[in-house]
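Q: Please walk me through this one feature by feature, giving the general idea first and then the case at hand.

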Amino acid sequence: MKISMLALAVTLAAMPVAAQAQSAAPQTWIHAGRVIAVPGQAPRGATTIVVADGKIVSLQDGYVPAPAGATAIDLKDKTVLPGLIDSHVHLASDRGGNERLVSAMTDSLPLNAYETYWNGMKTLRAGFTTVRNLGDSKGKVLALKEAVKRGWVQGPRILDAGESISTTGGHMDGRVGLAEDVHAMVGTENLCDGVDDCRKAVRRQIGRGADVIKFATTGGVNSGTGLATRMFDDEAKALIDTAHAYGRKVAVHAHGLDGIKLAVRAGADSIEHGTTIDEEAAKMMAKAGTYYVPTLSTVNGYLERLAANPNAYSPAVRAQIDWRIGITGKSLQIAYPLGVKIAYGTDAGPSKHGRNADEFELLVKFGMPPAEAIKAATVNAAALLGVDKETGTLEAGKAADIIAVSGDPLADVKVLKAMKFVMARGEVIVGP
Ligand SMILES: [Zn+2]
């Protein structure tokens with residue numbers, strides 16, 4: 001079966017596009033009532049989307065009857081959009097605070113790999129057909145990415161950073177907050193101090209298969225390491241220059257203002273969280289073309305976990321969570337009007353997997369029109385991830401990453417929380 005599929009793919013690749021449309025590959029004809037084919041542009045009315053071999057063959061006006069042998073899907077009473085993209089997830093865990101710490105000690109690596117798969121499926125069923133995973137340990141997400149690519153399991157398209165990089169004692173030093181007796185159990189290969197060491201840290205992740213590099217210039221909320229800068233300019237520059245030399249983009253975790261500006265100056269491709277962006281930083285980002293990934297959803301995760309258990313986090317982490325809840329959305333209110341490019345990202349892991357669409361509501365609450373929020377989760381995120389030739393819009397030749405909702409997401413983004421149909425690379429995952 002695998003061999004014949006491969007032979008078919010090779011044959012199709014060699015055929016001109018017009019011939020492919022007539023080819024023997026099984027076709028799916030989707031009748032869509034309304035289509036936001038290219039977010040940011042006016043939606044189309046009744047449309048027929050032809051899908052074959054995991055790709056979009058054509059979009060035709062009106063409801064063109066499906067030919068004999070093709071599968072027809074009726075989405076005439078739905079709004080159809082490109083599969084959504086979450087630029088900031090952590091698929092390996094769906095737990096926070098003390099619960100996460102305990103699971104790290106009690107769950108085996110194979111069990112954790114199943115959890116990673118499970119979180120990926122929650123994400124996919126929520127309409128997110130592509131994710132950028134910004135940090136895990138022990139290669140669980142690298143493995144899931146490969147398994148999805150090989151067609152062994154279902155899952156979103158994954159771009160993975162491997163392990164997040166930070167300086168010793170920084171946000172991603174897994175030993176922080178643990179008793180010294182257990183430090184030896186925690187890996188430290190993701191830590192770097194000084195230029196040569198930081199170059200090596202990037203090369204190590206690329207050698208493991210990382211598609212993107214993630215590092216932290218400042219402390220973090222979940223590690224209780226604070227907001228202050230914990231990296232020197234030359235270290236950030238070494239990390240970014242090395243990643244870029246290998247054709248990898250760089251996502252920088254930064255909360256404090258100095259760490260945000262340091263990352264932008266050093267050439268970061270995106271600022272993650274960016275909690276204290278001010279006007280000057282926003283103008284720097286707009287000028288440099290640096291994307292902002294707000295990850296406002298983290299506060300939902302914090303609030304839900306605290307409601308279930310007031311002692312869910314250690315006192316040091318709790319103090320920073322209270323600060324983060326209070327300041328949510330302020331940086332977006334400054335950055336978006338100043339023309340900073342926004343890419344959708346939730347920090348699922350600290351927030352809940354499968355609830356990725358909750359971020360839409362927060363983006364709109366803090367100043368983005370619904371159409372722009374949808375563009376952030378499709379066109380913009382695809383450009384940031386470098387997959388814009390493959391996904392992010394519904395156009396002939398792109399992957400058949402297609403979702404549908406009831407109602408009008410351009411009027412009310414909350415309808416994106418209830419997926420009625422999800423297709424990933426031509427495979428139906430949800431509905432119709
Ligand atoms: Zn994160």
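A: Let's start with a single residue: Thr218 sits in the loop between β8 (212-216) and α7. Those labels are DSSP runs numbered from the N terminus, helices being H or I of at least four residues and strands E of at least two. Keep in mind that this is a predicted model, where local features need pLDDT of at least 70 and side-chain atom pairs count only at pLDDT 80 or more, while totals for chains, interfaces and linings use all residues. Residues are numbered from 1 along each chain as its sequence is written.

Q: Is Thr218 buried or exposed?

A: The idea is to count other C-beta atoms, placed from the backbone, within 10 Å of a residue's own: 20 or more is buried, 12 or fewer is exposed, and in between is partly exposed. Thr218 has 28 such neighbours, so it counts as buried.

Q: Which residues does Thr218 touch?

A: Contact means that two C-beta atoms, again placed from the backbone, lie within 7 Å. Ignoring residues up to four places away in sequence, Thr218 touches Leu227, Ala228, Thr229, Arg230, Ala254, His255, Gly256 and Gly259. Thr276 makes a handy reference point too: Thr218 is 58 residues from it in sequence and 12 Å from it in space, C-alpha to C-alpha.

Q: How many residues of helix α8 are buried?

A: Helix α8 covers residues 257-266, and 8 of its 10 residues are buried, so the rest of the structure largely encloses it. The buried ones are Leu257, Gly259, Ile260, Lys261, Leu262, Ala263, Val264 and Ala266. Their cover includes α7 (233-245), β9 (249-254), β10 (270-273) and α9 (279-288). Right after α8 comes Gly267, with a positive phi near 105°.

Q: Which residues touch the most other members of the largest nonpolar core?

A: A nonpolar core is a set of buried Ala, Val, Leu, Ile, Met, Phe, Trp, Tyr and Cys residues joined through C-beta atoms within 7 Å. The largest one here has 118 residues, and Ile213, Leu239, Ala263, Ile271, Ala335 and Ala381 touch the most other members. Helix α14 (residues 370-385) gives the largest share, 9 residues. Take Ile271 as an example: beyond its neighbours within four places in sequence, it contacts Val252, Ala254, Ile260, Ala263, Val264, Met285, Thr290, Tyr292 and Val293.

Q: What is the strand order in the sheet of 3 strands?

A: Two strands pair if DSSP finds at least two bridges between them. This open sheet runs β5-β6-β7, with parallel pairing. β5 (84-89) and β7 are at the edges with a single partner strand each, so one side of each has no neighbour in the sheet. Neighbouring strands are turned by 15° against each other on average, direction ignored. 4 bridges join β5 to β6, and Val89 has Asn133 in β6 as its bridge partner. Helix α4 (residues 109-125) packs on this sheet, touching β5 and β6, with its direction at about 135° to that of β6. α14 packs on the sheet as well, touching β5, β6 and β7, at about 50° to the direction of β5. Such angles run from 0 to 180 degrees between N-to-C directions, using lines fitted to C-alpha atoms, for helices over the stretch in contact.

Q: Which way do the residues of β7 point?

A: In a regular strand, side chains alternate between the two faces of the sheet. In β7 (residues 157-160), Arg157 and Leu159 point one way and Ile158 and Asp160 the other, and all are buried. Leu159 is the bridge partner of Arg132, within the 4 parallel bridges between β6 (residues 128-133) and β7.

Q: What is the order of the open sheet of 7 strands?

A: That one goes β3-β2-β1-β4-β12-β13-β14, with mixed pairing. β3 (55-61) and β14 (427-430) are its edge strands with a single partner each, so one side of each is left without a neighbour in the sheet. The twist averages 35° from one strand to the next. Inside the sheet, β1 (residues 27-35) and β2 (residues 47-52) pair antiparallel over 6 bridges, with Ala32 opposite Thr47.

Q: How many residues does each domain bring to the contact?

A: Domain bounds come from an automatic or database domain assignment. It gives domain 1 (2-83 + 392-430) and domain 2 (84-385), with 31 Å between their centres, taken over C-alpha atoms. The contact takes 22 residues from domain 1 and 24 from domain 2. On the domain 1 side, β4 (71-82), β13 (421-424) and β14 each supply at least two residues.
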